[in-house]
Amino acid sequence: MADTEKSSRMAADVRKEYEITGHTRFGGLLGSPVAHSISPQMHNYSFRKLGIDCVYLCFEVQPDRLGDTVRTFRELGAFGFNLTMPDKQYVLEYLDDLSPAARMIGAVNTVVNEEGRLIGHNTDGYGYMESMRQAGFDASGKEMTLLGAGGAASAIAVQAALDGVTKLHIANRKSRSWRHAEELVKTINENTSCHADLTDLSDLSALKEKIGSSYLLTNATSVGMKKGPGDSGGEDMTPVPDTSVFRPDLVVSDVIYNPRKTRLLREAETKGCRTFNGMYMLLYQGAEAFRLWTGKEMPADEVKARYFDR
Ligand code: NDP
């Protein structure tokens, strides 16, 4: 065997064993806190499985150090990185370009280093829509009611509009994110063929009407989380106190996955609705980031069985 052939075969064997070498590229998750994240397991398992010579690590980065860190990642040739809140918005000023979805959402969770140019994407909305498809539901060509206008809701709203939801009814309380909700509706109406409107979450009769014509009701507020921030926490809370809105042909979902079944999902199921939670949104946002970085499909079913369903 020729020396060059021998050495390239040895390099391939080494990669299969996942030895970090002088050629290994790095990337990871930037934010604070990050140590709890499941992303390193998801991505490193997939790199190993596909023989891709990369590693994914978590980096504790406070917002005031974000600019320097992004510059360093670019200079050191990182393949890319993910971001947690609030860095998803702060990072915008350090990037060279944005995907159409990230531009509309105004936030980035995935950055791809394209030969020194940093391109921002947002795969959170894709993650939600794919988790819905995997659960056997399809909202394209149909109406949807979305509760909330924060980070998760904005990403879902834009992706739903891009994926062919015809009418999107956003319901938010009239407080912190109301102005943002108005901007979100305007952006969707100006840039997609979806028609979006905004309702006050406390206007129960208007909400009932919107849900009444919807195929899908999605909670993207933090109401019902096990330990939610501010006044949103507690498993006994629900963003839809009027259970008469539930009907058997309504699909109900919650981006919350702790608890696995929120009060909203429990009450909807009691009335015969089919439901799904936010568990796999996390998996599929990661799978899409992996595809953007590597051009290859993450072995999502294996990752799901190994890290999500155990
Ligand atoms: P944000 O803080 O950005 O948004 C929270 C939203 O919930 C806002 O619209 C907020 O309204 C609303 N809200 C909060 N408290 C109440 C309340 N008491 N009554 C009515 N509305 C309320 O958070 P995120 O978008 O980042 O997260 C929202 C939820 O989504 C969380 O539970 C989070 O865990 C989950 N999530 C799940 C993901 C997954 O992969 N499954 C990914 C990301 C998030 P206002 O601004 O007026 O306070």
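**Exercise 1. Identify the residue of β8 that stands opposite Leu147, and describe the sheet around this pair.**

Step 1. Leu147 faces Ala171 in β8. The model is a predicted one, in which local features need pLDDT of at least 70 and side-chain atom pairs count only at pLDDT 80 or more, while totals for chains, interfaces and linings use all residues. Residues are numbered from 1 along each chain as its sequence is written, and side-chain values use heavy atoms, with hydrogens and water left out.

Step 2. Strand β7 (residues 143-147) and strand β8 (residues 167-172) run parallel and are joined by five bridges. Two strands pair if DSSP finds at least two bridges between them. Strands (E, at least two residues) and helices (H or I, at least four) are DSSP runs, numbered from the N terminus.

Step 3. The order β9-β8-β7-β10-β11-β12 describes an open sheet of six strands with parallel pairing. Its edge strands, each pairing on one side only, are β9 (195-200) and β12 (274-276). On average, neighbouring strands of this sheet are turned by 20° against each other, direction ignored.

Step 4. Helix α8 (residues 178-191) lies across β8 and β9 and runs at about 165° to β9. Axes are lines fitted to C-alpha atoms, for helices over the stretch in contact, and angles run from 0 to 180 degrees between N-to-C directions; contact means heavy atoms within 4.5 Å.

**Exercise 2. State which residue in β5 is the bridge partner of Phe81, and place the two strands in their sheet.**

Step 1. Phe81 has Val111 as its bridge partner in β5. Three bridges pair strand β3 (residues 80-83) with strand β5 (residues 110-114) in the antiparallel sense.

Step 2. The open sheet here has six strands in the order β2-β1-β3-β5-β6-β4, and its pairing is mixed. At its edges are β2 (54-60) and β4 (97-98), each of which pairs on one side only.

Step 3. Two helices are to be placed. Helix α3 (residues 66-75) lies across β1 (25-31), β2, β3, β5 and β6 (117-121), at about 170° to β1. Helix α11 (residues 279-294) lies across β2, β3, β5 and β6, at about 5° to β5.

**Exercise 3. Determine which peptide bonds to Pro33 and Pro86 are cis or trans, and the sign of phi at Glu115.**

Step 1. Most residues other than glycine have a negative phi, and most peptide bonds are trans.

Step 2. The bond from Ser32 to Pro33 is cis, with omega near 0°; Pro33 belongs to the loop between β1 and α2 (39-50). The bond from Met85 to Pro86 is also cis, with omega near 0°, and Pro86 belongs to the loop between β3 and α4 (87-90).

Step 3. Glu115, a residue other than glycine, has a positive phi near 50°. Glu115 sits in the loop between β5 and β6.

**Exercise 4. Give the domain bounds of the chain and the distance between the domain centres.**

Step 1. The domain assignment gives domain 1 (20-123 + 282-304) and domain 2 (136-279); such bounds come from an automatic or database domain assignment.

Step 2. A distance of 27 Å separates the C-alpha centres of domain 1 and domain 2. Six residues from domain 1 and 13 residues from domain 2 take part in the contact.
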